[in-house]
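Biologist: Please take a close look at one part for me, the helix packing, and set out the details in order. Then add whatever local backbone points belong beside it.

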Amino acid sequence: MAAGQYLMATNSLNWHNKEIPQLLKELGASLSGLSPAEAALRLAEYGPNSLVEKAGRGALAMFLGQFKDFLIGILIAAAIVSGAIGEMLDAAVIGAIVILNAVMGFTQEYRAQKAMEALKRMAAPSASVIRDGNPESVPAAALVPGDLVLVEAGSVVPADLRLIECASLKTEEAALTGESLSVEKQCGPLPGGDLPLGDRLNMAYSGTTVSYGRGRGVVTATGMATELGKIAGSLQDEEEVETPLQKRLTAFGKKLAWAVLAVCALVFVSGLLRGEPPALMFLTAVSLAVAAIPEALPAVMSIALALGAGRMVKQNALVRKLLAVETLGSVTYICTDKTGTLTQNKMTVEELYLDGTPLAAGQAPPQPDLYARLLAGFALNNDSLRKGEGWAGDPTETALCVLAEAGGLEKLELDAKYPRKAELPFDSVRKRMTTFHAGQLCGWAGGAYFSLTKGAAESLLENSPRIMTSSGLTPDGKKEIRAAAERMAARGLRVLGLAARQWDAFPGSLADAEKDLVFIGLAGITDPPREEAKAAVAQCRSAGIVPVMITGDHPVTGRNIAERLGIINTGDAAAMLTGAELEKISPEAFARRVENIRVYARVAPEQKLRIVKALQARGHFAAMTGDGVNDAPALKRADIGVAMGITGTDVSKEAAHMILLDDNFATIVKAVGEGRRIFDNIRRFVRYVLTCNSGEIWTIFLAPFLGLPIPLLPIQILWINLVTDGLPGLALAAEAAEPDIMERPPRAPCESLFAGGLGAHVIWVGLLMGFLCLGTQAWAMKAGAHWQTIVFTVLCLSQLGHALAIRSEKRSLFRMGLLSNKPLLYSVLLTLGLQLAVIYAPWANRIFRTEPLPAGQLILALTLSSVIFLAVEAEKLVRRRGRP
């Protein structure tokens, strides 16, 4: 088959549907394998079996790209202007902030490109193949379609395979499909062209591992054509979306730039019209422009994000990309995996059925002898091994060992007392496992040997003419057992039955060993929800966030857990969608439904990506959690991708913005609160610095219209900008969260930084600050006081009072206490000390053109500056009384 024909076939044919002879024919393969010559031809034709990485941006281009941000451009212009007018210190500070911001952005972007490297590490280094009838080991990259590959326990599947021989073969596919349990494989054809990957039991996929048994399969896809390769391609094609903070700051920067240019032009022209010297007015206008730009904003943002990231690490959330910290505060939907995040990732026996009675695990049994036989039987018919304080083995079997242990039965002691003599391994056809032991099971008098059979309840009941009860063996009760099994299954439990048979002598043939059984009881097993997850889901709802479960598990299991956690209402069928249903639904119909879906089950990797994109298209900020390779494209695309630290693959961690060190959904909710706190603190800084800048602009702009000289010199404006604006503004990043931070809805995606009354606050407080300074100037000039130094001091101290007042939008500072934000208190005291030095130090008088103030004038300046603090406290009092 030509290369083009093969590629067309791999894209259009479903290999899981094929009978083995047809499969071999279409792939040009045989049971003796390809010849070395044919393998070489195909390798030249199809290329190596490896993942191909697209060329990305170089390090230099990546670094220069950090300067394209609009606000950064404004800061660069401000630094150039500051240097041109001789204010080298201001220029140096702004330049340092710009460079630091660029280095941080470059580091984040460079690290984000490591996901493909982690994906490549999943590939198997070598593979066992049959070539010309002879087994040999070849580099995995040399595999070609049609190769016959051997796999066994512990090996990594080197390419996508259609299995043609299975001997108790099981694979771990959690990283690819989300299936939490080992998947038992089979070889026969499967009907249905649209089967999810997790249901294609006759396929083994590249990058998954063999956990049990052995098998052989024919290579159907290599390299980028494998399911792993498709994920690699999707991962490289997906671009990260701009964070909410980046969007808001870009819009803010553009508006601010035009506003600053307009105001400075007006100040310059009005000064000229009043007869002020052109050189002074030019320097004043330029100084005002530099002062109006909040150059400390990137630094404040970085500090706030870094402090938040530090707090989050203590709460088991490791942030890989700093901007993601704030993004969490904007999240409207959290799309989370089930296993290990909402659940304990620990299979647990939840319910038993014995002697016609359902029992909760741990409940005191009415018939201790029967209970002991059921627990001992499940522990003996079990391949789990003790490993330290826990158990190693199939999660379902380890759950049975834990149950026996809780009932006072140690598996090691049982194995010694009733040694295993033979076994019939479990397979998907019989749906049973049988072991043979010497002795009499927990006082069950009879033969010298007994056998135990564990498996599907219906399979056991068909072969069990009698049932063990407290009254002896009876043929009655099968109907009740079937009903109990169905009830457990309907609740999402995995149901296992146990039956036994006595033998006078060890059977010579095991062929009929699973007939004429005595049915003992049932066990319902599940991965239970985390205790803290239900409270976290409730907290999401009170915070206006919609939790959505996206799982590769069975729909019944997913619904059961979702109902128990409160994610979905009982019986709400419209709120659940399977992967098969999602595949058939049109994009338009899905867009109409996506906001109402709460549980997705049996989803494919590309469908997770589709869900995230659909939510984003509806204007939502979506968080996506995941641990597998299949989650990586969606993690990268999501507004906030959250990987699992314990169970997560390297690929998912590299693609994510944040890593949960404890794999706990409740940790995400805590992180959302931290994200909201950080955005609140950034808003506090914007409120503070823009109000201060507004006060400066009104003071200088209105003075000529009121017949007053320019109140401040350029160097005094720059001092306020550098010290008074900077130090307290930075300290606002350490403010604690508001008490109701998780009781309010998320910010609207289109909401600007000026929403919630911030814009109005900037204008009216700035005007009040300006009129206060101008009134002080008029009085001081009339009284013959040192008017310029007094105005300079009143403006500086008014801003410090404003910083203390805006720590909360509603709560009074007197209730919060000065010591509840010590960095802000210390910065206010330090700024006050520096301002006093500017007033009273002789060397500072020469530089800043100030004069020492008499005590009375200093007290007057302190008194007047408190007006701003009291006015903002009054505004908060109005808010507390229910007015906007």
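Modeller: A crossing is right-handed if the near helix is turned clockwise from the far one by less than a right angle, and left-handed if it is turned anticlockwise. Keep that in mind for what follows. The model is predicted.

Start with helix α26, residues 665–702. Its partner is α30, which spans residues 787–805. The crossing of α26 and α30 is right-handed. Two packed helices are described by the angle between their axes and the distance between the axes. For α26 and α30, the angle is roughly 155° and the axes come within 10 Å. Angles over 145 degrees count as roughly antiparallel. So α26 is roughly antiparallel to α30.

Now the residues. From α26 come R687, Y688, T691, C692, G695 and E696. They meet L795, Q799, H802 and A803 of α30. By class, the contact of α26 with α30 has four nonpolar, four polar and two charged residues.

Stay on α30 for one more residue. T789 is part of this helix. T789 has a relative accessible area of 1%. Buried means under 20%, so T789 is buried. A polar atom of the T789 side chain lies 3.0 Å from the backbone nitrogen of E851. E851 is also one of the contacts of T789 outside its neighbours within four places in sequence. The others on that list are I839, T850 and L853.

Next, a second helix pair. α27 covers residues 714–724 and α32 covers residues 822–840. Their axes are 11 Å apart, at an angle of about 155°. Therefore α27 and α32 are roughly antiparallel to each other. α27 passes α32 in a right-handed crossing. On the α27 side, the contact is made by W719, V723 and T724. On the α32 side, the residues are T831, L834, Q835 and V838. This contact of α27 with α32 has four nonpolar and three polar residues, and no charged ones.

Now the loops. Begin with G193, between β5 (183–184) and β6 (203–204). With a relative accessibility of 41%, G193 counts as partly exposed. N14 is 179 residues away from G193 along the chain, yet their C-alpha atoms are separated by 6.2 Å. Leaving aside neighbours within four places in sequence, G193 is in contact with N14, H16, N17 and R200.

Last, backbone angles. Most residues other than glycine have a negative phi. Two loop residues call for a check against that. D355 has a positive phi, near 55°, and is not a glycine. D355 lies in the loop between β10 (348–354) and β11 (357–360). Its relative accessible area is 25%, so D355 is partly exposed.

D516 is not a glycine either, and its phi is positive, at about 55°. D516 is placed in the loop between β19 (494–503) and β20 (518–526). The relative accessible area of D516 is 38%, so this residue too is partly exposed.

To recap the packing: α26 with α30 is a right-handed crossing, and α27 passes α32 in a right-handed crossing.

Methods:
Residues are numbered from 1 along each chain as its sequence is written. This is a predicted model: local features need pLDDT of at least 70, side-chain atom pairs count only at pLDDT 80 or more; totals for chains, interfaces and linings use all residues. Side-chain values use heavy atoms; hydrogens and water are left out. Axes are lines fitted to C-alpha atoms, for helices over the stretch in contact, and angles run from 0 to 180 degrees between N-to-C directions. Helices (H or I, at least four residues) and strands (E, at least two) are DSSP runs, numbered from the N terminus. Angles under 35 degrees count as roughly parallel, over 145 as roughly antiparallel, 65 to 115 as roughly perpendicular and the rest as oblique. Contact means heavy atoms within 4.5 Å. Ala, Val, Leu, Ile, Met, Phe, Trp, Tyr, Cys and Pro count as nonpolar, Asp, Glu, Lys and Arg as charged, and the others, Gly among them, as polar. Buried means under 20% relative accessible area, exposed over 50%, partly exposed in between (1.4 Å probe, protein chains only). A polar contact is a pair of N or O atoms within 3.5 Å; within protein, one must be able to donate a hydrogen and the other to accept it, and residues adjacent in sequence count only if both atoms are side-chain atoms.
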